[in-house]
Amino acid sequence: MLAGCGGGGAETPPGDGGATSAQPPSETKSTRTAPQKSVSVADRCSVVSADQARAIGADQAPEERESTGFLGCDYQLGKTAEGWLVFVSATDKETMQDFAEGASDGVPTNVGGYPATQVGDERRCLLSVDVSDKGSLYINTVVSEAPVEPCGLSKQFADAALKNLPNA
């Protein structure tokens, strides 16, 4: 298991955008021009398919879990601190705007035509993609070592998820 990626969602990453708040996300005006996506997903590991994850480089079976209050799925390369772990959640707990407001060091970006905000360094990346007025696509990535760039890896998983999330 990668350091900082223990099960049970006990970690609280920097700039988590208030993800542990019990309040529903605020409905804010989006600059999104791409179609709104549904964030209601019964099978959390269907957001990114096992085949898509393998094509990106994952070598472990996807595993459903909770992280910082979000229900989602882990995708992983390696079983020890020698690879990476990507947690993906289509969530109605937080909009991208809520995430951006709580992430003082957030950087605006774009994924597949959708506005997004990312917070990261050489080992971690939090990415929130504006796919819905009632939620977001949330990705938390941890890498053990270079040359993997965590925000680049997050965006690869976001691109895969955008293909699978149905339009709202």
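**Note on the predicted chain**

1. Burial. Of the chain's 168 residues, 50% count as buried. The accessible surface is about 7800 Å². Carbon and sulfur atoms contribute 50% of that surface.

2. Confidence. This is a predicted model, so the scores deserve a look before the details. The average pLDDT of the chain is 85. At least 70 is reached by 82% of the residues.

3. The N-terminal stretch. Residues 1–22 have pLDDT under 50 throughout. The model still gives this stretch 54 contacts beyond four places in sequence. Those contacts should be read together with the scores, which stay under 50 there.

4. Secondary structure. The chain holds 3 helices and 7 strands. Read from the N terminus, the order of elements is α-β-β-β-α-β-β-β-β-α.

5. Contacts along the sequence. Consider the contacts in the chain with a separation of 6 or more. Residues 24 or more positions apart make up 63% of them.

6. The hairpin of S4 and S5. Strand S4 covers residues 107–111, and strand S5 covers residues 114–120. The two run antiparallel and are joined by 5 bridges. Val111 faces Tyr114 of S5 across the pair. Between the strands lie 2 residues. Gly112, in this hairpin, adopts a positive phi near 55°.

7. Points to check by eye. Which residue stands opposite Val111 in S5? Tyr114 does. Which residue of the hairpin of S4 and S5 takes a positive phi? Gly112 does, with a value near 55°.

Technical notes: Residues are numbered from 1 along each chain as its sequence is written. This is a predicted model: local features need pLDDT of at least 70, side-chain atom pairs count only at pLDDT 80 or more; totals for chains, interfaces and linings use all residues. Side-chain values use heavy atoms; hydrogens and water are left out. Two strands pair if DSSP finds at least two bridges between them. Helices (H or I, at least four residues) and strands (E, at least two) are DSSP runs, numbered from the N terminus. pLDDT is the predictor's confidence in each residue, from 0 to 100. Contact means heavy atoms within 4.5 Å. Buried means under 20% relative accessible area, exposed over 50%, partly exposed in between (1.4 Å probe, protein chains only). Accessible areas come from the Shrake-Rupley method with a 1.4 Å probe; for residues, only the protein chains shown count as cover.
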